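Where does the ligand sit, and which residues surround it? The paragraphs below take up these points in turn.

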Amino acid sequence: MFITDCIFCKIIKGEIPSKKAYEDDKILAFYDINPQAPVHVLVIPKAHIPSVDAINEENCGIVSHIFTKIPQIAKENKLDGGYRVISNCGDNACQSVKHLHFHILGGKQLSENMA
Ligand code: AMP
């Protein structure tokens with residue numbers, strides 16, 4: 001379930017500290033260490049999935065679970081004016097941590113540029 005050298009697996013196990021925004025038995029949300037917006041939360045599955053590219057019929061339930069919790073996390077962080085959800089997938093998208101994660105960005109007017 002855990003990958004030894006994965007930073008996010010270490011965060012889930014408590015080996016690396018994080019500031020939690022939400023947690024249940026399947027997912028963890030925590031504040032990004034290098035925020036790109038006033039509110040920058042990462043939402044990850046506890047089971048290691050490398051990226052969006054590894055989502056399949058067997059493991060896709062976790063994605064709907066994450067997306068049912070994102071509005072709650074957004075509300076708790078007062079993102080009433082709107083927010084952006086991003087998942088970088090692979091090298092061309094500059095994915096730096098190879099554990100599926102969704103960025104929630106908000107707390108200001110975001111740029112129209114997405115790439
Ligand atoms: P990505 O570039 O899409 O793979 O996003 C990885 C994100 O993880 C970046 O925004 C990093 O700032 C963030 N990050 C890396 N290490 C940590 C950490 N220990 N705690 C919180 N966020 C982290």
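What follows goes from the pocket to the contacts of the ligand and then to the aromatic pairs.

The model shown here is predicted, and in it the ligand occupies the largest pocket. Two elements give two or more residues to the shell around the ligand, namely α1 (7-13) and β2 (27-31). That shell is made up of eight nonpolar residues, six polar ones and one charged residue. Of the 15 residues around the ligand, those that come nearest are Asp 32, Asn 88, Ser 96, His 101 and His 103.

Among the polar approaches to the ligand, one is made by the side chain of Asp 32, where a polar atom lies 2.5 Å from a ligand oxygen atom. The backbone takes part as well: a polar backbone atom of Ser 96 is 2.7 Å from an oxygen atom of the ligand, and a backbone N or O atom of Val 97 lies 3.0 Å from an oxygen atom of the ligand. On its own the ligand has 500 Å² of accessible area, of which the protein covers 84%.

The aromatic side chains can be taken next, and with ring centres required to lie within 6.5 Å, the count comes to two aromatic pairs. In one of them, the ring centres of Phe 8 and Phe 30 are 5.4 Å apart and the ring planes stand at 80°, so this pair is edge-to-face. Because Phe 8 belongs to helix α1 and Phe 30 to strand β2, the pair ties together parts that are 22 residues apart in sequence. Helix α1 and strand β2 are also the elements named above for the shell around the ligand.

Notes: Residues are numbered from 1 along each chain as its sequence is written. This is a predicted model: local features need pLDDT of at least 70, side-chain atom pairs count only at pLDDT 80 or more; totals for chains, interfaces and linings use all residues. Side-chain values use heavy atoms; hydrogens and water are left out. A residue is near a molecule or strand if one of its heavy atoms lies within 4 Å of it. A polar contact is a pair of N or O atoms within 3.5 Å; within protein, one must be able to donate a hydrogen and the other to accept it, and residues adjacent in sequence count only if both atoms are side-chain atoms. Accessible areas come from the Shrake-Rupley method with a 1.4 Å probe; for residues, only the protein chains shown count as cover. On a 1 Å grid over the protein atoms alone, a cavity is a set of points where a 1.4 Å probe fits but cannot get out, and a pocket is an open set with protein on both sides within 12 Å along at least five of seven lines; lining residues have an atom within 4 Å of a point. A molecule sits in a cavity or pocket if more than half of its atoms lie within 2 Å of its grid points. Helices (H or I, at least four residues) and strands (E, at least two) are DSSP runs, numbered from the N terminus. Ala, Val, Leu, Ile, Met, Phe, Trp, Tyr, Cys and Pro count as nonpolar, Asp, Glu, Lys and Arg as charged, and the others, Gly among them, as polar. Rings of Phe, Tyr and Trp (its six-membered ring) pair if their centres lie within 6.5 Å; planes under 30 degrees apart count as stacked, over 60 as edge-to-face and the rest as tilted.
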